[in-house]
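User: I'm new to this one and would like a close look at a single part of it. Could you pick out the helix packing and walk me through it, with whatever background helps?

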Protein chains: 2
Amino acid sequence: MSQTASYTVSGMTCGHCVASVTEEVQEIPGVENVDVVLDTGALTITSADPIDPAAVRAAVEEAGYQLA
Amino acid sequence: MSQTASYTVSGMTCGHCVASVTEEVQEIPGVENVDVVLDTGALTITSADPIDPAAVRAAVEEAGYQLA
């Protein structure tokens, strides 16, 4: 069984930003799927086990953005 | 001796966009240096011989942007 977690990312302005966030979040161990929507900033993470929100925050910041 | 040519690029929203434009324009044969300013859209190309403006336009469009 898998679960999803939803976050909102601020500061993304274009598709390159979306790609950067997606890439960083996908690198978190255990993450199975990442969906990022530019217009809304919605970040949805699918995983078998819960992902530490601190890891998500760190990945988003590594990409150069912030969690709203 | 080298010369510079100035253009204005529209549609860039972030540093990734600047990087994309820079990368594509740098690939034009004869281009020695490329400078892109996000805020103004200014694209400055340095070369020994003149660069065909059509090649510049094609490179900018390949990156996903437009000359203003």
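Analyst: Let's start with the two helices of chain A: helix 1 (residues 15-26) and helix 2 (residues 53-63) pack with their axes 8 Å apart, at an angle of about 140 degrees. Keep in mind that this is a predicted model.

What should we call that angle? Angles over 145 degrees would count as roughly antiparallel, and 65 to 115 as roughly perpendicular. The pair in chain A fits neither class, so helix 1 and helix 2 are oblique to each other. As for handedness, the crossing of these two helices in chain A is right-handed. On the helix 1 side, the contact is made by A:S20, A:V21, A:E24 and A:V25. Helix 2 of chain A answers with A:A59, A:V60, A:E62 and A:A63.

One of those residues leads us on to a strand. A:V60 is also touched by A:L67, which sits in strand 4 (residues 66-67) of chain A. Leaving aside residues up to four places away in sequence, A:L67 also touches A:Y7, A:T8, A:V9 and A:R57. Is A:L67 buried or exposed? The cut-off for buried is under 20% relative accessible area, and A:L67 comes in at 13%, so it counts as buried. For another sense of distance here, take A:V56: eleven residues along the chain from A:L67, its C-alpha atom is 8.8 Å from that of A:L67.

Now step back to the whole of chain A. The chain has two helices and four strands, and reading along the sequence gives you the pattern β-α-β-β-α-β. Of its contacts between residues at least 6 apart in sequence, 58% join residues at least 24 apart. Buried residues make up 38% of the 68 in the chain.

How does the overall size fit in? A compact globule of 68 residues would have a radius of gyration near 11 Å, and chain A agrees because its value is 11 Å. Along the principal axes, the C-alpha atoms fill a box of roughly 35 × 20 × 20 Å. The accessible surface comes to about 3800 Å², with 49% of it belonging to carbon and sulfur atoms.

Finally, have a look at chain B. Its helix 1 (residues 15-26) and helix 2 (residues 53-63) have axes that come within 8 Å and cross at roughly 140 degrees. These two are therefore oblique as well, and helix 1 of chain B passes helix 2 in a right-handed crossing. The residues making that contact include B:V21 and B:V25 from helix 1 and B:A59 and B:V60 from helix 2.

Definitions and conventions
Residues numbered from 1 in each chain as written. Chains lettered and ligands numbered in written order. Predicted model: local features only at pLDDT ≥ 70, side-chain atom pairs only at ≥ 80, totals over all residues. Heavy atoms only, no water. Rg over C-alpha atoms; globule rule 2.2 N^0.38 Å. Buried < 20%, exposed > 50% of the residue type's maximum accessible area, 1.4 Å probe, protein only. Contact = heavy atoms within 4.5 Å. Areas by Shrake-Rupley, 256 points an atom, 1.4 Å probe, with all protein chains shown as cover. Axes fitted to C-alpha atoms, helices over the stretch in contact; angles between N-to-C directions. Parallel < 35°, antiparallel > 145°, perpendicular 65-115°, else oblique. Left-handed = near helix turned anticlockwise from the far one by under 90°.
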